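Welcome! Let us walk through this structure together, starting with its open space and moving on to its enclosed one.

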Amino acid sequence: MATAETAAQTKIPRDRENDHTNEAAEARQRFVRERTGVELEHVPHYSFDPKLTAGNVEQFVGVAQVPIGLAGPLRVNGEHAQGDFYVPLATAEGTLVASYNRGMKLVREAGGVTVTVMDDAMQRAPAFVFESARQARDFAVWLDERFDEIRDAAQTTTRSGKLRDIEKYSASRILYTRFNYTAGDAAGQNLTGKATAAACAWITSNYPGIQHFFLESNFATDKKSSQVNMLRTRGKRVVAEATLPNELIQKHMRTTSEVMFRARQVSNLGGFMSGVNNNGAHSANGITAVFIATGQDVANVAESSAAFVFAEVLPNGDYYYSVTIPSLIVATYGGGTGLATQRECLEMLGCYGSGKVKKLAEIVAATVLCGELSLGSAIVAEEWVEAHDLLGRNRP
């Protein structure tokens, strides 16, 4: 049986008064040395006050230093992002930055990427259980009738979040709902949770007959890709598109629009056969790299990397190419965006702070398009393996 003394020896040190200090971090670094025999040399080196990490991490011990490469200039013709941008990509994968950089060069010479934010919605999805399906149906009608009051209850918890509407889906004697919000410059998961809790408190106080309610039914599919969010939007729904002259494809990618389109058809069929939710090549690569660099919640890549790629050869031989990202979850305020290096990367893009989240969404979507074009053409031109062998191997 463990004694109080041995339990104390195995418990990670924590300062209950102020745990986000250099002293608290050093105590945990000593603990690592004593418990594992490993002398931390690089993890303890950071250039910011640990108090900045309060609300971002518990039991802070140091940092993971991920290399950041710079790609660009990326030319964006958006409604919020306009001009040339140099995109920070945090990654340990060789060839990734070079690949995105190559795609950006091609697209820039073709005039840039046109990007449009099509929709904006963040959800919490409570479920309400009744004695019968008929009661669940009646409750759905009541939600529509009392929407203004429900919205007012939700709004008491937030200044930036706005309840747009409530979707309703019935199964058995359960009514599943999706409370859709705009979340301002925040990603919005915490905001929607708090606002929906207040709304549901009002609902359960004013509607008799609810046997049980659950604040989250898994219908928002937080941190999971899903068909409902690909159709209905979670975060920002963004479309990036570009038209590429065939001669530029031949010049930079050593292939043609016709061959690219043929490969696209093969890829679409292969994706259909395998059951993927993304008919592109590697949208998760660029999104993850930008997310790490700019302090996003990286687990949201599970949803954000879903993508619909569409392409066609135009009558003059040029190549129209678009990527639709239906569930892009980004923030320019709150979360990890205020951490020291992450804030600098956002500032590099002109995307830190209020009023910048749609600008960041457009830059991310444009980056994804460039990466899709670059990898797709590398596969077609049989340069993919050669590039990884040249740039992507760590040699002693």
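**The largest pocket**

The largest pocket is lined by 48 residues, and those nearest its centre are Asn56, Gly295, Gly335, Gly336 and Leu339. On a 1 Å grid over the protein atoms alone, a pocket is an open set of points with protein on both sides within 12 Å along at least five of seven lines, whereas a cavity is a set where a 1.4 Å probe fits but cannot get out; lining residues have an atom within 4 Å of a point. Please keep in mind that this is a predicted model, in which local features need pLDDT of at least 70 and side-chain atom pairs count only at pLDDT 80 or more, while totals for chains, interfaces and linings use all residues. Residues are numbered from 1 along each chain as its sequence is written, and side-chain values use heavy atoms, leaving out hydrogens and water.

The volume of the largest pocket is about 1,400 Å³, meaning the space filled by probe spheres set on grid points that are joined across faces, edges and corners. Helix α6 (189–206) gives the largest share of the pocket lining, 4 residues. Helices are DSSP runs of H or I with at least four residues, strands are runs of E with at least two, and both are numbered from the N terminus.

Now for the enclosed space: the largest cavity has a volume of about 30 Å³. Its lining includes Asp120, Tyr181 and Lys236. Strand β3 (113–124) supplies the largest share of this cavity lining, 3 residues.
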